[in-house]
Amino acid sequence: MSSAVDPAVQSLLQQAIDVSRHAYIPYSHYPVGAALRARDGSVYTGCNVENAAYPATICAERAALVKAVSEGRREFDLIVVVTRNGGSPCGTCRQMLYEFAPALRVVIADLAGRIHADQPLNELLPLGFGPIELNK
Ligand code: THU
């Protein structure tokens with residue numbers, strides 16, 4: 001029997017699933033949705049947006065992050081990421097999130113709402129390089 005999901009996670013999970021429907025994925029056909037919660041409770045969503053010049057693609061997590069930072073948010077405590085199979089955030093997204101929230105709670109789920117992982121970002125990116133390193 002699975003334990004009840006915390007309501008905050010459940011809410012972001014639904015938002016991540018919903019936004020994944022906007023994914024622009026003509027090349028990979030792999031939709032990703034992310035919902036990022038700022039410390040003030042506001043939530044920013046993002047989907048992956050691909051490009052014919054493949055490396056120009058932006059991932060769902062970074063889409064959510066740049067939306068949030070563009071709206072003045074810089075502190076975050078939770079992100080929920082959904083893919084069809086529970087795929088984990090890429091290295092670039094881990095690094096971008098680490099800049100603002102090394103201890104961010106990262107919940108990874110699938111499009112059916114099943115949770116695959118729930119752990120702090122600094123476990124997904126051990127010994128990460130962040131702003132503090134530049135001031136040592
Ligand atoms: N993708 C994300 O949106 N987030 C990740 O962290 C991993 C990969 C996207 C990029 C591309 O559109 C598709 O998934 C396949 O790599």
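Two strands are taken as paired where DSSP finds at least two bridges between them, and the exercises below apply this to a predicted model.

**Exercise 1. Determine the order of the strands in the sheet, and identify which strands form its edges.**

Step 1. The open sheet is built from five strands, which follow one another in the order β2-β1-β3-β4-β5 with mixed pairing.

Step 2. β2 (43–47) and β5 (115–120) each pair on one side only, and these two are the edge strands.

Step 3. Direction ignored, the average turn between neighbouring strands of this sheet is 15°.

**Exercise 2. Describe how each edge strand pairs with its neighbour, and locate a bridge in each pair.**

Step 1. In general, the strands of a sheet pair through backbone hydrogen bonds, in either a parallel or an antiparallel sense.

Step 2. β2 pairs with β1 (residues 33–38) in the antiparallel sense over five bridges, and within this pair Arg 37 has Val 43 of β2 as its bridge partner.

Step 3. At the other edge, β5 pairs with β4 (residues 105–110), again antiparallel and over five bridges, with Pro 120 of β5 as the bridge partner of Arg 105.

Step 4. Four residues separate β4 from β5 in the hairpin that they form, and in its turn Gly 113 has a positive phi of about 90°.

**Exercise 3. Find which helix packs on the sheet, and characterise the surroundings of Ser 42.**

Step 1. Helix α2 (residues 60–70) packs on the sheet, where it touches β1, β2 and β3 (76–83), and its direction makes about 140° with that of β2.

Step 2. Ser 42 belongs to the loop between β1 and β2, and its side chain is joined to that of Asp 40 by a polar contact of 2.5 Å.

Step 3. Once neighbours within four places in sequence are set aside, the contacts of Ser 42 are Leu 36, Arg 37 and Arg 73.

**Exercise 4. Analyse the surroundings of the ligand, starting from the classes of the residues and proceeding to individual atoms.**

Step 1. The shell around the ligand comprises six nonpolar, three polar and two charged residues; among the residues around it are Ser 28, Tyr 30, Asn 48 and Glu 61.

Step 2. A polar side-chain atom of Glu 50 lies 2.4 Å from an oxygen atom of the ligand, whereas for Ala 60 a backbone N or O atom lies 3.0 Å from a ligand oxygen atom.

Step 3. Cys 90 likewise places a backbone N or O atom 2.8 Å from an oxygen atom of the ligand.

Step 4. The ligand taken alone exposes 370 Å², of which the protein buries 77%.

Note on methods. Residues are numbered from 1 along each chain as its sequence is written. This is a predicted model: local features need pLDDT of at least 70, side-chain atom pairs count only at pLDDT 80 or more; totals for chains, interfaces and linings use all residues. Side-chain values use heavy atoms; hydrogens and water are left out. A residue is near a molecule or strand if one of its heavy atoms lies within 4 Å of it. A polar contact is a pair of N or O atoms within 3.5 Å; within protein, one must be able to donate a hydrogen and the other to accept it, and residues adjacent in sequence count only if both atoms are side-chain atoms. Accessible areas come from the Shrake-Rupley method with a 1.4 Å probe; for residues, only the protein chains shown count as cover. Ala, Val, Leu, Ile, Met, Phe, Trp, Tyr, Cys and Pro count as nonpolar, Asp, Glu, Lys and Arg as charged, and the others, Gly among them, as polar. Axes are lines fitted to C-alpha atoms, for helices over the stretch in contact, and angles run from 0 to 180 degrees between N-to-C directions. Contact means heavy atoms within 4.5 Å.
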